[in-house]
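Me: I'd like to go through this model with you and ask how each label is earned. Shall we take the labels in turn?

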Amino acid sequence: MFGFFKKELKLIAPVDGTTIDLSKVPDEVFAGKMAGDGVAIDPIGETIVAPADGELSLIFKTNHAFAMTLDNGVELLVHIGVDTVSLNGEGFERLIEPGVKVKAGTPIIKINKDFILSKGLSLATPILITNVDMVKDLVPTINKSVTAGNDVVLTYKLK
């Protein structure tokens, strides 16, 4: 009877921390949703995991961000911190290579939080859907303490 309603899809926390609204990320590209829409996390953890099942399509050379393509065609970007590309990979350790299928919760990158913070950089970590034209009803979870691989940080539906 209710089969015509689109299923609600979920992204889980890629890192332990507190969810924050994208507008609070200290970078206008993320805050202005120019790179996509989603949610951000102020991390307390140091292991970044996959927020959903899908293919790990890209890990940036500097290991500060990775992209995924989900089975439903949605494309994600997880960007660890702001201006962290300037560290040229220092403080980031790749745990897996791109091109593989991963499950939600699979560890992707380990960070040295203290080192990154010592450089005066923000660790605010946006989790973005980059092909927003495919989705609707994005609902981020804001101001909530979340556990990596466990708690939902964003729900959405396909158009």
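Below we talk through strand pairing, a buried threonine, the nonpolar cores and a database record.

Me: Before we start, what kind of model is this?

Reply: This is a predicted model, so please read what follows in that light.

Me: How do you know that β2 and β3 are paired strands?

Reply: Two strands count as paired when DSSP finds at least two bridges between them. Strand β2 (residues 17-20) is joined to strand β3 (residues 37-43) by 4 bridges, so the pair qualifies. The two run antiparallel, and threonine 19 has isoleucine 41 in β3 as its bridge partner.

Me: What makes β2 and β13 a pair?

Reply: The cut-off is at least two bridges, and β2 and strand β13 (residues 145-146) share 2 bridges, therefore they count as paired. Their sense is antiparallel, with threonine 18 partnered by serine 145 in β13.

Me: Why are β1 and β12 called edge strands?

Reply: They belong to an open sheet of 3 strands, ordered β1-β14-β12 with antiparallel pairing. Each of β1 (9-12) and β12 (135-140) pairs on one side only. From one strand to the next, the twist averages 20°. Between β1 and strand β14 (residues 152-158) there are 4 bridges, and leucine 11 stands opposite leucine 154 in β14.

Me: Why is threonine 84 called buried?

Reply: Buried means under 20% relative accessible area. Threonine 84 has 0% relative accessibility, so the label fits. Threonine 84 sits in the loop between β7 (75-79) and β8 (92-94). Apart from neighbours within four places in sequence, its contacts are His64, His79, Phe92, Ile116, Leu121 and Ser122.

Me: What makes a group of residues here a nonpolar core?

Reply: The members must be buried residues of the nonpolar kinds, joined through side-chain atoms within 4.5 Å. The largest such core has 36 residues, and Leu11, Phe66, Ile108 and Ile109 have the most contacts inside it. Apart from that one lies another core, of 10 residues, including Ile20 and Ala65. As for leucine 11, its contacts beyond neighbours within four places in sequence include Pro51, Leu70, Ile127 and Tyr156.

Me: How do you know where the domain "PTS EIIA type-1" lies?

Reply: That comes from the UniProt record, an unreviewed entry, which places the feature at residues 27-131. In the model, the end C-alpha atoms of residues 27-131 are 20 Å apart, and the span is 10% helix and 40% strand.

Key:
Residues numbered from 1 in each chain as written. Predicted model: local features only at pLDDT ≥ 70, side-chain atom pairs only at ≥ 80, totals over all residues. Heavy atoms only, no water. Axes fitted to C-alpha atoms, helices over the stretch in contact; angles between N-to-C directions. UniProt positions renumbered as here; feature names shortened; annotations may be inferred. Buried < 20%, exposed > 50% of the residue type's maximum accessible area, 1.4 Å probe, protein only. Contact = heavy atoms within 4.5 Å.
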